[in-house]
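Here is a set of questions about how the words used for a protein structure are earned. Have the structure open while you read, and try each one yourself before looking at the reply.

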Amino acid sequence: MMSWQPRDFPFLDATKIVLPRSWMTPLHFDVLVLLVSTIAGLLGSLLGLGGGIIVIPALTLLFGIDIKYAIGASIVSVIATSSGAAAAYVREGMSNLRVAMFLEMATVSGAITGAYVAKVISGHWLFIIFGVVLAYSAVVMFRKRHEQITNPAAMRPAPWADFLQLSSTYYDAATETLVAYRVVRARVGLLLMYIAGTFSGLLGIGSGSLKVPAMDIAMQMPIKVSTATSNFMIGVTAAASAGVYFMGGYIVPFIAAPVAVGVLLGAMIGSHLLGRLQSSTIRTVFVVVLLWISLQMIWKGIHG
Amino acid sequence: MTTVSATPPDWKPTPVSEHVRRVELLISNLLRIGVGVSIALIAIGTVVSFVHHPAYWKSSKELQTLVHPVAPFPHTLHGVLEGLRGFDGQAIVALGLLVLIATPVMRVLVSVVAFLQEHDRLYTAITLLVFCLLMLALFLGAVE
């Protein structure tokens with residue numbers, strides 16, 4: 001697992017960028033991981049992906065950290081960034097608390113499942129599954145999302161969602177109107193959230209790229225509410241798997257400390273910059289880079 | 001964008017009450033304080049570690065034992081408390097991580113109380129179930 005061979009990388013010899021570990025002291029490590037995590041948090045925030053999905057390849061590929069410890073460190077940083085962002089969204093009344101609480105039954109169950117699978121599964125498989133999920137997230141991020149103008153599904157019967165009183169309103173600052181929306185397909189949402197929670201627990205990521213489509217496509221919620229509610233749920237989901245990882249001894253304080261502080265710092269800087277990256281050229285570059293990283297992860301899973 | 005007129009006439013959105021608004025602000029503050037306290041503890045713990053162990057500044061051997069731990073490190077409540085008694089930096093970091101993990105759990109607990117006050121039995125039950133699942137995660141995690 002830990003040995004590196006140039007032949008492992010037909011795409012580009014990544015061994016050249018593996019940081020020299022022979023001279024690295026705890027001080028070097030802390031400073032470098034803090035720096036890399038800050039960049040990961042910043043990129044995650046600008047791309048709307050979250051820091052975890054970027055920091056795990058950095059920790060494993062650059063620093064040679066065991067993927068299970070990288071996942072443990074990442075899941076803690078996911079709680080920090082999600083809680084920070086959720087605080088702002090909840091204040092604005094953008095999150096739907098009922099939807100969040102209802103779906104958290106599924107995400108938390110999934111997170112416990114995922115964290116358990118991660119404990120027994122081989123590290124090779126974690127690399128491969130991570131690579132695939134990263135590629136999927138990069139593609140989802142790349143596809144531009146449009147606000148739905150018409151909402152035909154709002155007419156369909158939704159006995160479960162109505163019984164659970166999931167429908168609500170939010171204030172749209174852009175159009176200065178109070179927007180009412182109707183939620184449908186509550187049970188489909190529950191199933192999709194269990195899957196999202198499982199990936200979150202298994203890989204130590206927020207898995208917002210799975211949660212947001214479950215709400216805005218399946219449950220027909222407005223994209224702004226879906227994003228805010230997803231953020232709100234990610235913290236609770238991550239707390240469940242972090243509990244399993246912490247008690248199981250996979251969260252090493254020395255690794256988790258600079259990762260948590262760095263990713264949070266990067267996300268805070270990102271939220272103060274001019275929103276998300278809109279330039280399609282830059283987005284294309286990032287998608288290519290992320291796909292390349294995902295190939296590296298899969299390759300390391302097969303040959304590493 | 002969805003408007004009320006585009007939906008069936010018998011359907012109305014659930015209005016957001018003053019009480020819900022207050023709970024939302026309480027949750028927002030709770031999340032901020034939780035994250036702030038934990039980051040402070042993590043930073044203090046890291047500084048304490050470096051002050052206590054001069055080898056951390058220049059020994060690359062130390063890093064291998066920290067990053068690929070073979071020796072036990074604080075990862076149980078008992079272990080963290082033991083470490084705190086000895087003012088161990090890594091135990092302070094671990095406490096900060098526990099505060100961070102506890103923050104969303106506290107948020108769920110606040111929601112349980114809020115739904116109870118609203119006499120919303122269905123959501124009290126749903127929220128309580130989420131809380132129990134979170135507790136289960138912590139207890140199951142300790143079992144090997």
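Q: Why is Leu203(A) called buried?
A: In this predicted model, Leu203(A) has 25 other C-beta atoms within 10 Å. A residue is buried if 20 or more lie in that range, so Leu203(A), with its 25, counts as buried.

Q: Where is Leu203(A), and what does Leu203(A) touch?
A: You will find Leu203(A) in helix H7 (residues 186–203) of chain A. Leaving out residues up to four places away in sequence, Leu203(A) touches Ile71(A), Ile129(A), Phe130(A) and Val133(A).

Q: How far apart are Leu203(A) and Val120(A) in sequence and in space?
A: In sequence they are 83 residues apart, and in space they are 13 Å apart, going from C-alpha to C-alpha.

Q: What makes Glu176(A) exposed?
A: The cut-off for exposed is 12 or fewer C-beta neighbours. Glu176(A) has 7 inside 10 Å, and therefore counts as exposed. Glu176(A) sits in the loop between E1 and E2 of chain A.

Q: What is notable about phi of Glu176(A)?
A: Most residues other than glycine have a negative phi. In Glu176(A), however, phi is near 55°, a positive value in a residue other than glycine. The hairpin around Glu176(A) has four residues between its strands, E1(A) and E2(A).

Q: How do you know that E1(A) and E2(A) pair?
A: Pairing takes at least two bridges. E1(A) and E2(A) have five bridges, in the antiparallel sense. One example is Ser168(A), whose bridge partner in E2(A) is Tyr181(A).

Q: Is Phe87(B) buried or exposed, and why?
A: Phe87(B) has 11 C-beta neighbours inside 10 Å. Exposed means 12 or fewer, so with 11 Phe87(B) counts as exposed. Phe87(B) lies in the loop between helix H4 (77–85) and H5 of chain B, and its phi is near 55°, again a positive value in a residue other than glycine.

Q: Why is helix H2 (residues 52–62) of chain A described as largely enclosed?
A: Ten of the eleven residues of H2(A) are buried, so the helix is largely enclosed by the rest of the structure. Among these buried residues are Gly52(A), Ile54(A), Ile56(A), Ala58(A) and Leu61(A).

Q: What do the buried residues of H2(A) pack against?
A: They pack against H1, H3, helix H5 (123–142), H10 and helix H11 (280–303), which belong to chain A. Just after H2(A) comes Gly64(A), with a positive phi of about 65°.

Q: Why are H3(A) and H5(B) called oblique to each other?
A: Two packed helices are described by the angle between their axes and the distance between the axes. Helix H3 (residues 67–91) of chain A and helix H5 (residues 89–117) of chain B pack at an angle of about 50°, and their axes are 10 Å apart. Under 35 degrees would be roughly parallel, and roughly perpendicular runs from 65 to 115. The angle of about 50° fits neither, and the two helices are therefore oblique to each other.

Q: Which residues make the contact of H3(A) and H5(B)?
A: H3(A) brings Val76(A), Ile79(A), Ala80(A) and Ser83(A), while H5(B) brings Leu97(B), Leu100(B), Ile101(B), Thr103(B) and Pro104(B). By class, this contact has seven nonpolar, two polar and no charged residues.

Q: How many residues does each chain give to the contact between the chains?
A: Chain A gives 63 residues and chain B gives 63 residues. On the side of chain A that touches chain B, the largest share comes from H9(A), with ten residues. The residues of that side of chain A divide into 41 nonpolar, 15 polar and seven charged.

Q: What is the secondary structure of each chain?
A: Chain A comes to eleven helices and two strands, and chain B to six helices and zero strands.

Q: How much of each chain is buried?
A: In chain A, buried residues make up 58% of the 304 residues. In chain B, 39% of the 144 residues count as buried.

Methods:
Residues numbered from 1 in each chain as written. Chains lettered and ligands numbered in written order. Predicted model: local features only at pLDDT ≥ 70, side-chain atom pairs only at ≥ 80, totals over all residues. Axes fitted to C-alpha atoms, helices over the stretch in contact; angles between N-to-C directions. Parallel < 35°, antiparallel > 145°, perpendicular 65-115°, else oblique. Contact = placed C-beta atoms within 7 Å. Nonpolar A, V, L, I, M, F, W, Y, C, P; charged D, E, K, R; others polar.
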